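Biologist: Mind if I quiz you on the labels you use? I'd like to hear the cut-offs behind them.

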Amino acid sequence: MNLAPPKGTDDILSPDSRAWRRVLRSWDSWSERFGFELGMTPLFEATELFERGVGESTEVVRKQMYTFEDRAGRSLSLRPEGTASFVRAYLNAGIRGVWKASYSGPMFRYEKPQKGRRRQFFQVGAEVIGTESPEVDAEIIELAYRFLLDVGVPAVVVEINSLGDPSDRSAYEAVLVTWLNDRIDRLCADSVETLAINPLRVLDCKVCREVTMGAPTPVEMMSPTAKEAYETVKQRLTLLDVPYRENPRLVRGLDYYTRTAFEYIATGLDAAQNAVGGGGRYDGLGEKICGRAVPGVGVALGIDRIILAMGDPVLPPSTEAFVVAAPGFSDEAAIVVSRLRGEGSKVETVFGGRSLNAQTKAAAKTAVAVIITVGEGYAQGQVTYRELRSGAETQVSIEEISQCLKP
Ligand code: HAM
């Protein structure tokens, strides 16, 4: 049997997984600091949820969903994104008022696989449901920006735009369609197809950039209230010291966006895959799903791309110390290991009754900084504490080991 994972998916293993762990922990920490509780929704949902929510005209729903029938004949799809599920969950739970949820997990899209474009990819995200306040848009943009800085994604640019209210958006779409139809003979075949299904997305086509450069933008046709909201978002970002660049052509690939839309561009990556995150406001999504209007705004970031942008940093293993046992002291060593782990230290050991020399060699191979030898001194509550870099060796009391290990 072929042991490679399915096309477009990856086994994420050590040492690469060290960077993943760091990124996931950072997201956990930042989202918690911003007041987000953890939320978890199923990996698959009724296909209808995504057709209604993400939109039947989007590429994601038309071409990229993993859809299957279960044994009872229901049409289900692996989730291509998380937002529709969170709005469904909010409505299903009968929650009223403002609700904040952060999440992380795999998403599935049948893409043409390449670097940074996977069929199973990993997102972290955050959604605030139940408020129209534009200050919250700015807070969401700030959260993801702080997180990207913390994990060390270099040269991140935050791009923002407003798509206006739903009525502004339909009026804009009509104007754009006329404008594009006047230039249809200069559009590529893909854009001609997109124009008939999802005209806003033609603005995303890199091949047609020169043609669409002068196209009307949504901002020009916004209602005064949507304009005011957009101004508030921008003022707040300035106040919060989050640099941004307005991109009036930013339209996003999912149908549910109204008003604020934004993306995080890692300028060091290839243009086709340099969006490390994106999001926006989706005040019409609840209505699309089940007829109940509920405002919301959120963001999702692609970890696969973030790791690429970080340039695969070589991170040290997290193990702080290796415990080895002198002959006859393996039970005592196990007690020391258990105690240190209980105190919060990250320690490893070798099992299988190997000689002290073999254990020490195995420990040195792991690039660990400290080796603790449990032997004769144990009866007096002492172990040998050796720092590998300096070679310094001291007797330390068992009570003090955790203290010594603290950086
Ligand atoms: P999205 O822009 O489709 O938005 O995806 C967000 C991020 O997921 C992208 O910026 C990218 O980094 C990553 N991503 C998307 N597709 C792939 C792929 N095939 N391979 C690797 N990475 C990928 C959403 O999913 C919305 N749910 C975001 C949102 C949350 N809007 C409001 N709330």
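Biologist: What makes the Arg-252 side chain and the ligand oxygen a polar contact?

Modeller: A polar contact is a pair of N or O atoms within 3.5 Å. A polar side-chain atom of Arg-252 sits 2.9 Å from an oxygen atom of the ligand, so the pair makes the cut-off. Gly-302 does it with a polar backbone atom, 3.3 Å from a ligand oxygen. Taken alone, the ligand exposes 660 Å², and the protein buries 95% of that (Shrake-Rupley areas, 1.4 Å probe). Keep in mind that this is a predicted model, where local features need pLDDT of at least 70, side-chain atom pairs count only at pLDDT 80 or more, and totals for chains, interfaces and linings use all residues. Residues are numbered from 1 along each chain as its sequence is written, and side-chain values use heavy atoms, with hydrogens and water left out.

Biologist: Which residues come nearest to the ligand?

Modeller: Glu-81, Thr-83, Arg-118, Tyr-257 and Ala-275, out of 26 around the ligand; a residue is near if one of its heavy atoms lies within 4 Å. Strand S10 gives the most to that shell, six residues (strands are DSSP runs of E, at least two residues, numbered from the N terminus).

Biologist: Why is Phe-68 called partly exposed?

Modeller: Buried is under 20% relative accessible area and exposed is over 50%, with partly exposed in between (1.4 Å probe, protein chains only). Phe-68 has 33% relative accessibility, so partly exposed is the label. Phe-68 belongs to strand S3, residues 67-69.

Notes: Helix = DSSP H or I, 4+ residues; strand = E, 2+ residues; numbered from the N terminus. Polar contact = N/O pair within 3.5 Å; in protein donor to acceptor, adjacent residues only side chain to side chain.
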